[in-house]
Amino acid sequence: PPASQNNEQGSTLRDLLTTTAGKLRLGSTDAGIAFAPVYSTGTASGKSGRTMPNILDDIIASVVENKIPPNRAPKINVKSEIKDEPKDDKKCIQDDCSKRYSDIQYSWICDKHVLWLRDHKNSSNWKLFKECWKQGRPVLVSGMHKKMNFSLWKAESISLDFGNQQADILNCKDSIISNTNVKEFWDGFEDVSKRQKVKNGETALLKLKDWPSGEDFKAMMPARYEDLLKSLPMPEYCSPEGKLNLASHLPGFFVRPDLGPRLCSAYGVAATKDHDVGTTNLHIEVSDVVNILVYVGIAKGNGVLSKSGVLKKLEEEDLDDLLRKRLKDSSELPGALWHIYAGKDADKIREFLQKIAKEQGLEVLPEHDPIRDQSWYVNKKLRQRLFEEYGVKTCTVIQFLGDAIILPAGALHQV
């Protein structure tokens with residue numbers, strides 16, 4: 001219409017809203033209100049994509065009355081842009097993948113709850129990863145150490161380069177943190193005789209607490225930082241610049257979580273008398289996490305289990321058949337034992353731990369959250385009770401040298 005007519009029609013806010021709504025795709029709801037798509041389609045960098053919500057359309061959608069007479073059906077109905085989900089996605093993924101992704105080496109482990117990608121070099125891995133990630137399930141990628149400069153990650157190499165640094169060292173058994181020279185930790189990493197002793201003469205189970213982390217990691221260890229970044233699995237998702245890494249595209253006004261990287265180093269429990277203790281207690285991360293086992297030290301000294309003793313201890317766990325097969329492979333080096341739970345089970349686990357605390361005569365304060373406080377390592381006996389009393393099954397994963405474990409935000413885990 002001519003400009004003069006346009007001005008006349010938009011002489012009031014109501015008229016403006018009404019005339020604007022008429023130009024949008026209109027449909028009707030049971031309430032008789034016109035609505036328009038909240039997101040509009042746009043183009044960025046030559047690719048079709050969605051823009052931020054169109055605020056005016058959103059306002060119109062909530063205030064404009066539907067002008068279509070009740071005795072006349074609307075000519076155009078807005079169709080839902082959300083496609084119907086398959087009735088059984090879990091079954092769909094597992095049945096369909098063998099046909100659609102025949103070029104990818106993979107297996108399902110932990111009662112088909114965890115995807116294991118066996119060839120880290122396959123550039124198509126991310127396609128299958130995407131299908132699994134939509135379900136909020138963990139993913140294991142093996143062989144990442146083959147892409148890395150292994151000499152950079154040896155304990156003696158890190159000690160030589162950074163032994164004079166000060167850092168927080170955690171005694172995992174009694175949760176006491178002390179600030180000390182990093183060299184002391186690394187000296188005992190593979191030599192039990194050089195490890196600290198606690199009051200009763202037992203060997204201390206120590207952990208370097210997130211040293212270094214974030215920007216400190218990049219500034220302190222530039223060569224290792226670059227080596228790690230070039231070796232990340234699924235760089236489309238895991239790389240800081242990955243096109244499918246949501247965090248790299250967040251606007252500057254968002255408060256970002258600590259995205260690391262951080263180096264987590266700990267002694268194994270093989271040298272301790274109490275095997276019901278972990279180096280990382282049960283907790284939840286607020287962002288997705290990729291954890292790569294870059295080095296496994298072989299501890300020597302009195303009281304340390306032999307390799308066969310360690311394997312026997314691991315075989316007592318509730319393991320998937322494929323993981324048991326990996327344990328028997330002499331070329332594989334197991335280094336960490338993970339217990340993982342789905343985020344949907346968090347409330348049941350929280351209730352269970354509070355119940356156990358009361359049984360043990362511990363004070364349960366309302367403001368204390370056993371998961372947030374990271375105050376529990378759930379041992380084998382408790383894991384069995386958790387399943388019997390609450391129906392929550394533990395997903396047990398052995399992490400071998402070079403394995404990357406990718407966890408969705410909200411998944412509970414202990415190591």
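**Asp111, His413 and some packing details**

Student: Buried or exposed: which is Asp111?

Tutor: Asp111 comes out at 56% relative accessibility. Buried means under 20% relative accessible area, exposed over 50%, and partly exposed in between (1.4 Å probe, protein chains only). So Asp111 counts as exposed.

Student: What kind of model is this?

Tutor: Residues are numbered from 1 along each chain as its sequence is written, and side-chain values use heavy atoms, with hydrogens and water left out. Local features need pLDDT of at least 70, side-chain atom pairs count only at pLDDT 80 or more, and totals for chains, interfaces and linings use all residues, the model being predicted.

Student: What's the phi of Asp111?

Tutor: Asp111 is in the loop between strand 5 (106–109) and strand 6 (114–117); helices (H or I, at least four residues) and strands (E, at least two) are DSSP runs, numbered from the N terminus. The phi is positive, in a residue other than glycine. Its value is near 55°.

Student: And where does Gln374 sit, another residue with positive phi?

Tutor: Phi of Gln374 is near 50°, again in a residue other than glycine. At 37% relative accessibility, Gln374 counts as partly exposed. Its place is the loop between helix 13 and helix 14.

Student: How do those helices pack: what's the angle?

Tutor: Helix 13 covers residues 346–359 and helix 14 residues 380–390, with axes 11 Å apart. The axes are lines fitted to C-alpha atoms, for helices over the stretch in contact, and angles run from 0 to 180 degrees between N-to-C directions. On that basis the angle is about 120°.

Student: Which helix 14 residues meet helix 13?

Tutor: Contact means heavy atoms within 4.5 Å. From helix 13, Lys348, Ile349, Glu351, Phe352, Lys355, Ile356 and Glu359 take part. Their partners in helix 14 are Leu382, Arg385, Leu386, Glu389 and Tyr390.

Student: Which backbone oxygen does the side chain of His413 reach?

Tutor: His413 lies in strand 17 (residues 412–414), and at 5% relative accessibility it counts as buried. A polar contact is a pair of N or O atoms within 3.5 Å; within protein, one must be able to donate a hydrogen and the other to accept it, and residues adjacent in sequence count only if both atoms are side-chain atoms. Here the distance is 3.3 Å, and the oxygen belongs to Ala411.

Student: How many aromatic pairs are there?

Tutor: Rings of Phe, Tyr and Trp (its six-membered ring) pair if their centres lie within 6.5 Å; planes under 30 degrees apart count as stacked, over 60 as edge-to-face and the rest as tilted. By this rule the count is 14.

Student: What type of pair do Phe185 and Trp186 form?

Tutor: Both residues are buried, Phe185 at 1% relative accessible area and Trp186 at 7%. Their ring centres are 5.0 Å apart and the planes meet at 85°. That makes the pair edge-to-face.

Student: And Phe185 with Phe189, which type is that?

Tutor: The centres are 5.9 Å apart, and Phe189 is buried, as is Phe185. The planes are at 50°, so the pair is tilted.

Student: Which residue lies over the face of Tyr267?

Tutor: Tyr267 belongs to an aromatic cluster with Phe150, Phe185, Trp186, Phe189 and Tyr295. A charge sits over a ring if NZ of Lys or CZ of Arg is within 6 Å of the ring centre and within 35 degrees of the ring normal. At 4.0 Å from the ring centre of Tyr267, the residue is Arg195.
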